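This briefing walks through a structure for a reader who wants the geometry first. Keep the coordinates open while you read.

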Amino acid sequence: MSIIQKTATEQLALLQAGELTSVELTQAYLDRIEQVDGSIGAFLRVESDSALQQAATIDAKRSAGDSLGKLAGLPVAIKDILCTKDTPTTCGSRMLEHFQPPYNATAVEKLLSADAVILGRTNMDEFAMGSSTENSAYQTTQNPWDITRIPGGSSGGAAACVAADMAPLSLGTDTGGSIRQPAALCGCVGLKPTYGRVSRYGLIAFASSLDQIGPLARTVDDTALLLEVLAGYDPLDSTSVNRETPAYSQTVHQPLEGLTLGVVEQHFSEGIDAEVATSVQQAIQVYQSLGATIKSIEMPHADYGIATYYIIAPCEASSNLARYDGAHYGYRTDQAEVLAELAEDGSDEGPLVRMYRKTRSEGFGSEVQRRIMLGTYALSEGYYEAFYLKALKVRRLIRQDYDRAFEQVDLIIGPVTANPAFAKGEKTSDPMAMYLEDLYTVTANLAGVAGISLPCGFTSAGLPVGLQLQSAPFEEEKLLRAAQMYQSATDFHSRRPELS
Amino acid sequence: MSELPYEIVIGLEVHVQLKTNTKLFCRCSTAFGSPPNTQTCPVCLGMPGSLPVMNKKAYFLGMKTALALHCGIPKFTKWDRKNYFYPDLPKGYQTSQFDLPMSEEGYLDIKSTKDEFEPRRVRIIRAHLEEDAGKSIHDEAAGKADSRIDLNRTGTPLLEIVSYPDMRSAAEAKAYMQELRLLLTYLDVSDCNMQEGSLRCDANVNLHITTDDGVIATPIVEIKNMNSFRSVERGINYEAKRQYDVWQETGKVLGELPKQTRGWDDSAQVTRSQREKEESADYRYFPCPDLIPVVVTDEQIDEVRHEIGDLPAALRDRLESEYDLTTYTADVIVNQGLGFVEYYLELAAASGDNKLAGNWVQGEVLRILNDLEIGISDFGVSAAALAELLKLIQAGDLDSSKAKDVFTVMLESGKSAAAVVEDLGIEKVDESALEDLCRLLVERNQRIVDDVKNGNEKAVGALIGQAKKENPNVNPGQVRQICLDIINSL
């Protein structure tokens with residue numbers, strides 16, 4: 001078995017035992033990327049030189065007997081939405097094509113101080129807006145299980161690189177399902193932490209009240225290890241919560257006694273794919289066989305999740321993305337063209353306003369523009385109460401649904417998506433169909449609770465199916481332990497796609 | 001102003017830069033005058049992924065000010081984004097407070113010592129915190145369309161204090177600004193430098209005109225760019241006349257025209273239309289998801305309340321009632337600031353003469369401060385030292401003219417009053433010796449005696465000069481009186 005087929009936890013043990021060097025491991029992944037990423041397109045940039053340098057430094061520290069971080073020597077891929085100092089961070093957008101932040105995201109700082117090796121930057125939907133990674137301004141990413149299909153999104157590159165053994169660990173972000181959905185469609189594990197568990201500092205904002213950074217990995221214990229490094233209060237993020245980070249990687253293998261799981265009936269009644277439904281039902285049975293009690297629960301407002309999400313997220317985005325105006329950094333349209341255009345069309349619009357208009361029309365892709373317009377409209381005078389305020393009220397009701405549910409059950413179990421990975425191009429001209437990809441995932445973001453996606457089966461066409469577990473806020477430990485129980489009883493996580 | 005055919009209605013929006021070392025949402029310095037864009041960081045530059053963290057000091061300075069303005073402090077307040085595009089606003093929104101400001105419903109009392117208006121209580125609608133924008137510098141030289149942006153100021157904490165439209169003349173508006181500035185100075189919450197922009201005023205002005213068909217109101221105009229107390233007064237008066245003229249010409253009343261923004265051009269002494277933005281501006285306020293709401297406790301509010309020391313209005317009352325000073329003197333002293341008041345109080349206590357102390361600080365001390373353009377903290381004669389001089393006056397050892405001479409030397413030399421009196425050889429002149437001298441002078445100057453007898457009292461002045469030559473320590477007033485008495489008795 002090749003070293004890259006082992007889990008991160010196994011690799012770490014080998015590194016610690018001196019049976020493997022970080023340079024060897026990093027090189028093995030770089031070779032794998034070289035070999036298969038041409039057909040997958042998971043990486044926007046592979047940072048080979050700096051990765052090997054970091055690996056060598058960590059190896060040297062290890063041989064010198066220096067103390068090392070929790071991820072010492074493990075390569076990690078980073079979604080191109082997290083700022084990394086003095087290296088390009090594009091957010092999948094033309095707007096930030098040449099942008100190099102002068103600072104690291106806190107999550108990146110945490111990786112570096114845990115002695116992780118940063119392998120490169122993964123592809124994503126522009127500004128994390130999308131469910132297929134087709135909205136990237138740079139390239140598409142193919143699903144490693146079927147390269148005619150999408151990997152999910154917006155963290156499509158993050159999921160695909162793990163699924164295709166191009167990285168043992170990766171960082172994604174989840175605003176409405178952007179970690180869990182691609183993890184499900186690519187057959188890996190992805191966790192969206194409780195809002196406030198991981199610092200958002202340096203995460204390029206899409207919708208600030210929904211965005212969370214989280215880990216993707218092949219297994220639950222690897223996910224636990226990475227979350228342990230990422231989590232924690234950050235004085236630079238007012239919305240991060242000051243709570244002790246449990247030692248997830250230490251407790252993940254402890255099964256939970258008397259586990260009660262809640263099932264939401266609607267999850268299986270709204271045009272869900274039969275094979276997906278069957279896999280998820282079977283997963284529920286596995287839990288029953290492990291001693292868990294299954295309880296039917298009501299989420300009366302869950303049906304309004306998508307509508308609520310597609311008001312709140314675009315509203316916040318319309319404001320968060322106002323800064324990309326061409327005045328300070330990032331893409332700016334050609335000044336001579338602005339003046340020539342104005343002279344030609346005789347508009348009384350000033351050159352500044354025309355510069356804004358042209359810059360944003362050229363720098364943003366169509367989905368980003370659509371959401372900015374949706375948000376701008378919903379926040380406008382006369383519409384604010386009907387849209388934004390109402391959405392906030394529904395959001396509170398959804399949170400109440402969760403609070404009531406978690407009074408009765410430990411975790412909520414169900415599907416991640418209604419369907420397995422769809423064909424490339426299938427939904428690009430139908431935004432509503434694309435938005436419905438988030439059907440089962442958005443409510444966790446709206447309520448701020450944690451959720452995990454883990455492999456629970458394959459369709460007859462060989463496409464992975466994901467199982468979602470959701471927990472009350474700050475119950476990631478429970479989430480991980482329950483997920484590990486399932487993983488120990490099944491082997492879906494160990495299947496690998498065949499790549500040429 | 002009853003002679004005018006209209007009543008001016010004025011509400012002021014005052015922006016106060018709070019005296020914090022660092023900005024409202026990041027740790028950049030707020031110092032004024034540094035080279036452009038040297039006091040910036042990813043947060044105030046609005047770079048992708050950066051996040052704001054509230055400066056608690058700014059919040060508490062805001063609360064201190066609001067409490068001094070008698071405002072209520074809600075226990076819960078939040079931050080909102082005001083969205084608009086402008087190059088000096090790098091995030092594309094200003095973080096401000098919309099529907100739940102940090103304070104509401106207070107007042108500031110104003111009065112005029114020159115009887116320009118009746119005392120008035122100007123009610124405050126709200127005072128809320130927000131971040132300042134940067135500065136755009138436009139080079140409008142011919143053939144150039146060059147604009148530069150300095151973001152040093154971006155993110156500096158501002159307290160916006162919004163009054164009700166309670167003022168009825170430009171003099172009242174000016175007095176409100178002056179009283180507010182004084183209050184802010186006493187609270188030590190702002191530098192209050194209008195030239196540097198740490199205290200800025202926008203005025204909302206319209207007219208109520210009595211016509212045969214009842215009272216009509218003219219459209220409201222917001223005046224910006226008034227960078228001094230004088231320009232507040234002049235800008236409003238100009239605008240009132242302009243609105244009256246426009247109304248006479250067009251007859252347009254409130255509601256028939258959009259709210260207009262006009263800038264005060266100090267060199268031309270006119271207001272000029274800037275933009276009729278309000279009709280189209282939609283700031284799309286919504287709660288800032290990057291900041292958590294601020295929740296305060298009664299204990300915290302009480303703590304801030306206790307930090308508030310003596311304030312101008314209370315001090316004026318105290319100086320009048322307890323120190324027996326005139327309204328005018330009390331006003332002059334209090335208007336100089338807390339340091340000056342403290343100087344006075346110390347001088348009054350040490351000299352034991354409240355009135356004499358009042359006259360001296362209001363007269364000599366203030367004159368010197370104005371001449372030297374310094375503050376009381378830089379003044380060279382301590383209250384204790386000046387009190388010694390005042391005691392010599394009270395004892396009759398010095399007349400006021402001599403005392404001023406001594407004071408001048410004290411200021412130059414730093415010596416005590418007693419030492420200066422000795423240096424100058426000032427001795428108290430014995431009264432019988434003085435009378436002898438006067439008699440001698442009267443005898444020697446028959447022509448002056450005649451002049452006085454003929455009704456020209458002023459002629460006696462020449463005798464004072466002669467007396468001074470004989471003995472430099474003589475009190476001119478005494479010499480004058482004694483000589484006149486002698487002549488009249490002849």
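In which sense do S10(B) and strand S12 of chain B pair, and over how many bridges? S10(B) and S12(B), residues 221–226, pair in the antiparallel sense, and four bridges hold the pairing. The model is predicted. The points below start from that sheet region, then turn to backbone geometry, domains, the fold of chain A and the contact between the chains.

**Strand pairing around S10(B)**

- Strand S1 of chain B covers residues 6–17 and runs antiparallel to S10(B), with 11 bridges joining them.
- Within that topic, His15(B) has Arg200(B) of S10(B) as its bridge partner.
- On the pairing with S12(B), Ala203(B) is bridged to Ile223(B).
- S10(B) also pairs with strand S11 of chain B, residues 214–217. The sense is antiparallel, and there are four bridges.
- Thr211(B) has its bridge partner in S11(B), namely Gly214(B).
- S10(B) and S11(B) make a hairpin, with two residues between them.

**Backbone geometry worth checking**

- Asp188(B) is not a glycine, yet its phi is positive, at about 60°.
- Asp188(B) sits in the loop between H2 and strand S10 (199–211) of chain B.
- Is Asp188(B) buried or exposed? Asp188(B) has 13 other C-beta atoms within 10 Å, so it ranks as partly exposed.
- Cys91(A) also has a positive phi of about 60° without being a glycine.
- The loop that holds Cys91(A) lies between strand S2 (75–79) and helix H4 (106–113) of chain A.
- Cys91(A) counts as buried because it has 33 C-beta neighbours inside 10 Å, and the cut-off for buried is 20 or more.
- Gly153(A) and Ser154(A) are joined by a cis peptide bond, with omega about 5°.
- Ser154(A) belongs to the loop between strand S3 (117–122) and helix H5 (156–163) of chain A.

**Domains of chain B**

- The domain assignment splits chain B into domain 1 (6–299), domain 2 (312–423) and domain 3 (431–489).
- The centres of domain 1 and domain 2 of chain B, taken over C-alpha atoms, are 38 Å apart.
- Six residues of domain 1 of chain B and eight residues of domain 2 of chain B take part in the contact.
- Which element gives the largest share of the domain 1 side of chain B? Helix H2 of chain B, residues 170–187, does, with four residues.
- That domain 1 side, where it touches domain 2 of chain B, has three nonpolar, two polar and one charged residues.

**Domains of chain A**

- For chain A the assignment gives domain 1 (3–253 + 477–494) and domain 2 (327–363). Domain 1 of chain A is thus listed as two segments.
- A distance of 38 Å separates the C-alpha centres of domain 1 of chain A and domain 2 of chain A.
- The contact between them involves six residues of domain 1 of chain A and four residues of domain 2 of chain A.
- On the domain 1 side that touches domain 2 of chain A, three residues are nonpolar, one is polar and two are charged.

**Overall fold of chain A**

- Chain A has 17 helices and 11 strands.
- How does the radius of gyration of chain A compare with the globule rule? The radius is 22 Å, close to the 23 Å that the rule gives for 500 residues, so chain A is as compact as a globular protein of that length.
- Along the principal axes, the C-alpha atoms of chain A fill a box of roughly 75 × 55 × 45 Å.
- Of its 500 residues, 59% count as buried.
- Take the contacts in chain A between residues at least 6 apart in sequence: 77% of them join residues at least 24 apart.

**Contact between chain A and chain B**

- The contact brings together 35 residues of chain A and 25 residues of chain B.
- On the chain A side, helix H10 (305–320) and helix H13 (366–379) are the elements that give two or more residues.
- H10(A) supplies the largest share of that side, three residues.
- By class, the chain A side holds 20 nonpolar, nine polar and six charged residues.

Definitions and conventions: Residues are numbered from 1 along each chain as its sequence is written. Chains are lettered from A and ligands numbered from 1 in the order in which they are written. This is a predicted model: local features need pLDDT of at least 70, side-chain atom pairs count only at pLDDT 80 or more; totals for chains, interfaces and linings use all residues. Two residues are in contact if their C-beta atoms, placed from the backbone, lie within 7 Å. Ala, Val, Leu, Ile, Met, Phe, Trp, Tyr, Cys and Pro count as nonpolar, Asp, Glu, Lys and Arg as charged, and the others, Gly among them, as polar. Domain bounds come from an automatic or database domain assignment. A residue is buried if 20 or more other C-beta atoms lie within 10 Å of its own, exposed if 12 or fewer, and partly exposed in between; C-beta atoms are placed from the backbone. Two strands pair if DSSP finds at least two bridges between them. The radius of gyration is taken over C-alpha atoms; the globule rule is 2.2 Å times the number of residues to the power 0.38.
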